[in-house]
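The exercises below are meant to be worked through with the sequence and the three-dimensional view side by side. Try each task on your own before reading the solution that follows.

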Amino acid sequence: MQPEFRRLGNTPPLHQVVQQEIRSYILKQGLRPGDPLKPESELARLFGVSRNSVREAVKALESTGVLETRRGSGVYVCDFSFTPLLEHLPYGLMQDYRALRELVALRKTLEASLVADAMRAMSPTSVAALQENLETMRRLAEQGEGFAEQDRQFHQLMFRDLGNGMLLRLFDQFWLAFHAAAPPSRGRTPMDAYRGHADILDAILSGDPDRARAAIQDHYIGIESKLTEDPPAETPPPAEKPTQSGSAPTLEV
């Protein structure tokens, strides 16, 4: 009679198990952002693993923004940030055209749903900044130039008076991810992009939330229509992608 054996499933690598243990330790101990973590040797002793496993786990948690190492000081708990979670998003979007379209649809939905609140909170200072920003867009568009940085600022200015820093960071990360992955503009001119932003600001200044929502949706429909076309045969070279600032020949959103 053959002995019975329990089928063993695939177990995660030890450093991944240690990552989860460190997360649990942080929560159980009530550690807050800026609090130090125990030394590597002590964590290894507590978990019953090698220091190398702890070191690999800490590096992985640094890459996701859970921990940070301060040279000569130790390892500390980080404050929450979207940046580490989204910094690889552009690479995925470059390989998945559908995901790029879905990102634009998500931005459209968020902006349209929040614009009424943004209008109620908008200060005269922000209105003046939006008007100045739009005038810069117009001048650049008339010269046939893109205005990526002004586009980025426009969407930040629209919502900054809501006082939601996390929302602004999320919008900005979406903007950066889109512009890193978007194909070069095909048929959509800088003047088209300017008119879309001008319609949004006119609607905001009219005080009509429904009109503002419609203007945002129309603006993004124009962008989405370009993204429904077949993707280019080759991925555009990185040098043609916009950076943290400045303009480039991509779709302004």
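## Exercise 1: A residue in the core

Find the residues that methionine 158 contacts, leaving aside its neighbours within four places in sequence, and then place methionine 158 within the largest nonpolar core.

Solution. Begin with methionine 158 itself in this predicted model: beyond four places in sequence, its contacts are Glu111, Val115, Ala118, Met122, Leu130, Ile200, Ile204 and Ile216. Next, turn to the largest nonpolar core, which has 42 residues, and note that Met158, Phe178, Tyr194 and Ile204 are the members that touch the most others. The helices that each give at least two residues to this core are H6 (97-121), H7 (124-142), H8 (148-159), H9 (165-181), H10 (190-206) and H11 (209-227). Finally, a separate core of 15 residues lies apart from this one, and Leu37, Ala57, Leu61 and Leu67 are among its members. As background, nonpolar side chains in soluble globular proteins tend to be buried together.

## Exercise 2: Buried or partly exposed?

Decide whether alanine 118 is buried or exposed, and do the corresponding exercise for serine 113 and proline 209.

Solution. Start with alanine 118, which sits in helix H6. Its relative accessibility is 3%, and because buried means under 20%, alanine 118 counts as buried. Leaving out residues up to four places away in sequence, alanine 118 touches Met158, Phe159 and Leu162. The C-alpha atoms of alanine 118 and leucine 157 are 9.7 Å apart, although 39 residues separate the two in sequence.

Now take serine 113, which also has its place in helix H6. With a relative accessible area of 46%, serine 113 is partly exposed. From C-alpha to C-alpha, serine 113 is 7.4 Å from arginine 213, while in sequence the two are 100 residues apart.

Last comes proline 209, which belongs to helix H11 and, at 26% relative accessibility, is partly exposed. Proline 209 is in contact with Val115, Ala116 and Met119 when its neighbours within four places in sequence are set aside. Between the C-alpha atoms of proline 209 and serine 113 there are 9.7 Å, for a separation of 96 residues along the chain.

## Exercise 3: H7 against H10

Work out how H7 and H10 are oriented to each other, using the angle and the distance between their axes.

Solution. Two packed helices are described by the angle between their axes and the distance between the axes. For H7 and H10, the angle is about 160° and the axes are 9 Å apart. Since angles over 145 degrees count as roughly antiparallel, H7 and H10 are roughly antiparallel to each other. The crossing in which H7 passes H10 is left-handed. On the side of H7, the contact includes Val127, Leu130, Gln131 and Leu134, and on the side of H10 it includes Pro190, Met191, Tyr194 and His197. Sorted by class, the contact of H7 with H10 holds 11 nonpolar, two polar and two charged residues.

## Exercise 4: Two partners of H3

Describe how H3 packs with H2 and with H1.

Solution. Consider first helix H2 (residues 40-47) and helix H3 (residues 51-63), whose axes come within 8 Å and cross at roughly 110°. This angle makes H2 roughly perpendicular to H3, and the crossing is right-handed. Glu40, Ser41, Leu43 and Ala44 of H2 make this contact together with Arg51, Val54 and Arg55 of H3. The classes in the contact of H2 with H3 are three nonpolar, one polar and three charged residues.

Consider next helix H1 (residues 14-29), which packs with H3 at an angle of about 65°, the axes being 8 Å apart. H1 and H3 are therefore roughly perpendicular to each other, and their crossing is right-handed. Among the residues that meet are Leu14, His15 and Val18 in H1 and Ser53, Val54 and Glu56 in H3. The contact of H1 with H3 divides into eight nonpolar, three polar and two charged residues.

## Exercise 5: The whole chain

How many helices and strands are there in the chain, and in what order do the elements run?

Solution. Counting gives 11 helices and two strands. From the N terminus on, the order is α-α-α-β-β-α-α-α-α-α-α-α-α. Of the 253 residues in the chain, 40% are buried. Among contacts with a separation of 6 or more, 74% join residues 24 or more positions apart.

Methods: Residues are numbered from 1 along each chain as its sequence is written. This is a predicted model: local features need pLDDT of at least 70, side-chain atom pairs count only at pLDDT 80 or more; totals for chains, interfaces and linings use all residues. Side-chain values use heavy atoms; hydrogens and water are left out. A nonpolar core is a set of buried Ala, Val, Leu, Ile, Met, Phe, Trp, Tyr and Cys residues joined through side-chain atoms within 4.5 Å. Buried means under 20% relative accessible area, exposed over 50%, partly exposed in between (1.4 Å probe, protein chains only). Helices (H or I, at least four residues) and strands (E, at least two) are DSSP runs, numbered from the N terminus. Contact means heavy atoms within 4.5 Å. Axes are lines fitted to C-alpha atoms, for helices over the stretch in contact, and angles run from 0 to 180 degrees between N-to-C directions. Angles under 35 degrees count as roughly parallel, over 145 as roughly antiparallel, 65 to 115 as roughly perpendicular and the rest as oblique. A crossing is left-handed if the near helix is turned anticlockwise from the far one by less than a right angle, and right-handed if clockwise. Ala, Val, Leu, Ile, Met, Phe, Trp, Tyr, Cys and Pro count as nonpolar, Asp, Glu, Lys and Arg as charged, and the others, Gly among them, as polar.
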